[in-house]
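Subject: Structure for you to look at

Hi,

Here is the structure I promised to pass on. Have a look at it first, then read my notes underneath.

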Amino acid sequence: MSADGTWNVTMTSPMGAQAGTVEFKSNGGTLEGTMTSPQGTAPIEDGKIDGSSLSWAITAQQMSMKIAFTATIDGDTITGEADIGAFGKAPFTGTRA
């Protein structure tokens, strides 16, 4: 199953539930796209895809910090975790739009 497309995600962060979207486009083992949240839109950096396993990062402009994501897709569902540095880990889930 391809990761390509738009995903509606909700992350449980220290600031509470944060809804957003992730747009993926895979090219071989490389994952590209953007992530949009109430804080703005950021390009995906260091994106990788291996079967149903994904990893990527974004730079959160408001905090000037890199946030690393790992996820697994299963059909039209995505689950994963974001490493938000000193704030710890934040789980997220979502569905294909």
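A quick definition to start: helices (H or I, at least four residues) and strands (E, at least two) are DSSP runs, numbered from the N terminus. With that in hand, the protein chain reads β-β-β-β-β-β-β-β-β along its sequence, with nine strands and zero helices.

Some housekeeping. This is a predicted model, where local features need pLDDT of at least 70 and side-chain atom pairs count only at pLDDT 80 or more, while totals for chains, interfaces and linings use all residues. Residues are numbered from 1 along each chain as its sequence is written, and side-chain values use heavy atoms, with hydrogens and water left out.

On overall shape, the C-alpha atoms fill a box of roughly 30 × 20 × 20 Å along the principal axes. The radius of gyration (over C-alpha atoms) is 12 Å, which agrees with the value near 13 Å for a compact globule of 97 residues (the rule is 2.2 Å times the number of residues to the power 0.38). Buried residues (under 20% relative accessible area, 1.4 Å probe, protein chains only) make up 32% of the 97.

Now the pocket. By pocket I mean an open set of points on a 1 Å grid over the protein atoms alone, where a 1.4 Å probe fits, with protein on both sides within 12 Å along at least five of seven lines; lining residues have an atom within 4 Å of a point. The largest one has a volume (the space filled by probe spheres set on the points) of about 570 Å³. Its lining has 26 residues, and Ser37, Gln39, Ala60, Met63 and Ile67 are the closest to the centre. S1 gives the largest share of that lining, four residues. Strands supplying at least two lining residues each include S1 (5-13), S2 (16-27) and S3 (30-37). By class, the lining has 14 nonpolar, twelve polar and no charged residues (Ala, Val, Leu, Ile, Met, Phe, Trp, Tyr, Cys and Pro count as nonpolar, Asp, Glu, Lys and Arg as charged, the others, Gly among them, as polar).

One residue to click on is alanine 82, in strand S8 (residues 77-83). Is alanine 82 buried or exposed? Alanine 82 is buried, because its relative accessible area is 0%. Beyond its neighbours within four places in sequence, its contacts (heavy atoms within 4.5 Å) include Met11, Phe69 and Phe92. Alanine 68 lies 14 residues away from alanine 82 in sequence, with 5.6 Å between their C-alpha atoms.

Cheers

Methods: Buried < 20%, exposed > 50% of the residue type's maximum accessible area, 1.4 Å probe, protein only.
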